[in-house]
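Subject: A structure to look through

Hello,

I am handing over the structure below, and I would be glad if you could open it beside this message and follow along as you read. My notes on what was found come after it.

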There are 2 protein chains.
Amino acid sequence: MKIRVLPMIQELPDEWRPYTAIVIDTLRATSNIVTGLAAGASSIVPCLTPQEAEAKRQLGDLLGGERDCLIIPGFDLGNSPFEYQSDAVKDKRILMTTTNGTRGLKAAEKADRILVCSLLNAPVCAAAAYGRQQDVVVICSGTKGSFNVEDGLTAGLFLHEWLKICEEHPQIDDFGLTMLHFYQTTNSDIVNLLMQCDTGTRLIRLGFQRDVAYCSQVGCIDLVPVLMDGALVPLHLAENQDLHDIELAPIK
Amino acid sequence: MKIRVLPMIQELPDEWRPYTAIVIDTLRATSNIVTGLAAGASSIVPCLTPQEAEAKRQLGDLLGGERDCLIIPGFDLGNSPFEYQSDAVKDKRILMTTTNGTRGLKAAEKADRILVCSLLNAPVCAAAAYGRQQDVVVICSGTKGSFNVEDGLTAGLFLHEWLKICEEHPQIDDFGLTMLHFYQTTNSDIVNLLMQCDTGTRLIRLGFQRDVAYCSQVGCIDLVPVLMDGALVPLHLAENQDLHDIELAPIK
């Protein structure tokens, strides 16, 4: 199997297909998606714009997301994982729009299957992707077209966990190997790294230090969001038969 | 000062200007340029296509370059640094076209000044760029639109050397900080890393193992190529007055 890691959102050539896409936006979109589904939200629908989210809203739905790290006026939820952990999300469908994470999901649309990854769930995400026995493209959403540390680190963790469980060593591209090395040489210091990186310092300046600390936790949630008919749902609840067949490999 | 590092060739937004560009294509274009000028070539003219190189050829000029790592039919020089080290290049103008390196130079065309960097000359290149006291964009040429290990490592070395001589810590972007960490955690093992990376293994398969070993040497050439009127010349020979004024900071 081949694994490619993209440092930022970019066009994927058609010849890469078929593949499983792993979409990462660690601070904070994909951490929130994992958290919200773990807290019992029924599904999360990624929307490119606030207007799209509002247009799709049905009775009982919640609107969530951010622009420039801040809650969108009129929305129920911003972009803090603690909002997605609350009882308010239980059994709710959430229409979510964020600057980079939603664009990362969009970039993956030609993949056979799209899984959502953050530091919180990277181990179980690696196991689920490995179970598919298909080439993988890991998309670091980055920040406004540039690479960011937190997504690169999460990609490195994903690969690190993959190598723990795989029987045969996959062919990993140069960027993936570099991110694997990055994770393996910094993994005792993730919180500090996220606090000091570009997004982290911006979030701390805006008062979201607790969010950064929360999103720095490795492997604390055993849930993989998968995109099904335009909505993110927990992999184990997905109705698609081929998803039911996946036997999750043992973690650690 | 701000330093940005691009993982691959990409469009640079106009608002980034003004800046000094550092162009890297470690295996092998920028290593060859540094080597050729150090061996006494009078100048090296980057050309986008073999046709452009042939059209510009004048009596006494040499044609050099590669497509898919191999010499172009009818050219005098391929893409091996040992060809650029020979007496044959002395006092010659070389018209050079390579797959990624030439495109990296093209991407930098809006910079105030373009300097050429490889592992061979990264320390003196960092000193020359630092002497300009201007924002810097480091362009890793990569391989056919993707990041490669050897250019990332060279960018990390460039930053490492900059930090040794600077009085005030520059603002380095997330990708630059990651490459700095990459270099600093692997710098005892550069030859092996280049031998094992994607380009390195391809070159070894084609019989160019010596080239990879040669290009892995850190700081063995004290020469900075600079682009002047479409030709690369050694910085100390550049006629432009503001270049004469640069006092190179002491190395190591």
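To begin with the place where the chains meet, 16 residues of chain A are in contact with 16 residues of chain B, and please keep in mind throughout that this is a predicted model. On the side of chain A that touches chain B, the elements giving two or more residues are helix H6 (149-165) and helix H7 (174-184) of chain A, and the largest share, six residues, comes from H7(A). Sorted by character, the residues on that side of chain A are seven nonpolar, six polar and three charged.

The next point is how the two chains are arranged. Chain A is superposed on chain B, with an RMSD of 0.0 Å, by a rotation of 180 degrees with 0.0 Å of shift along its axis, which is the relation of a two-fold axis. The same surface serves both copies, in that 100% of the contact residues of chain A recur in chain B. If you look for the rotation axis, the residue of chain A that comes closest to it is Phe182(A), whose C-alpha is at 3.3 Å.

Finally, there is the interior to consider. The largest nonpolar core has 167 residues, and those with the most contacts inside it are Ile22(A), Val138(A) and Ile139(A), together with Ile22(B), Val138(B) and Ile139(B). Leaving aside its neighbours within four places in sequence, Ile22(A) is in contact with Val138(A) and Ile139(A), and also with Leu115(A), Cys117(A), Cys125(A), Ala129(A), Val136(A) and Phe158(A).

Best wishes

Terms used. Residues are numbered from 1 along each chain as its sequence is written. Chains are lettered from A and ligands numbered from 1 in the order in which they are written. This is a predicted model: local features need pLDDT of at least 70, side-chain atom pairs count only at pLDDT 80 or more; totals for chains, interfaces and linings use all residues. Copies are superposed by least squares on the C-alpha atoms of residues with pLDDT of at least 70 in both. Two residues are in contact if their C-beta atoms, placed from the backbone, lie within 7 Å. A nonpolar core is a set of buried Ala, Val, Leu, Ile, Met, Phe, Trp, Tyr and Cys residues joined through C-beta atoms within 7 Å. A residue is buried if 20 or more other C-beta atoms lie within 10 Å of its own, exposed if 12 or fewer, and partly exposed in between; C-beta atoms are placed from the backbone. Helices (H or I, at least four residues) and strands (E, at least two) are DSSP runs, numbered from the N terminus. Ala, Val, Leu, Ile, Met, Phe, Trp, Tyr, Cys and Pro count as nonpolar, Asp, Glu, Lys and Arg as charged, and the others, Gly among them, as polar.
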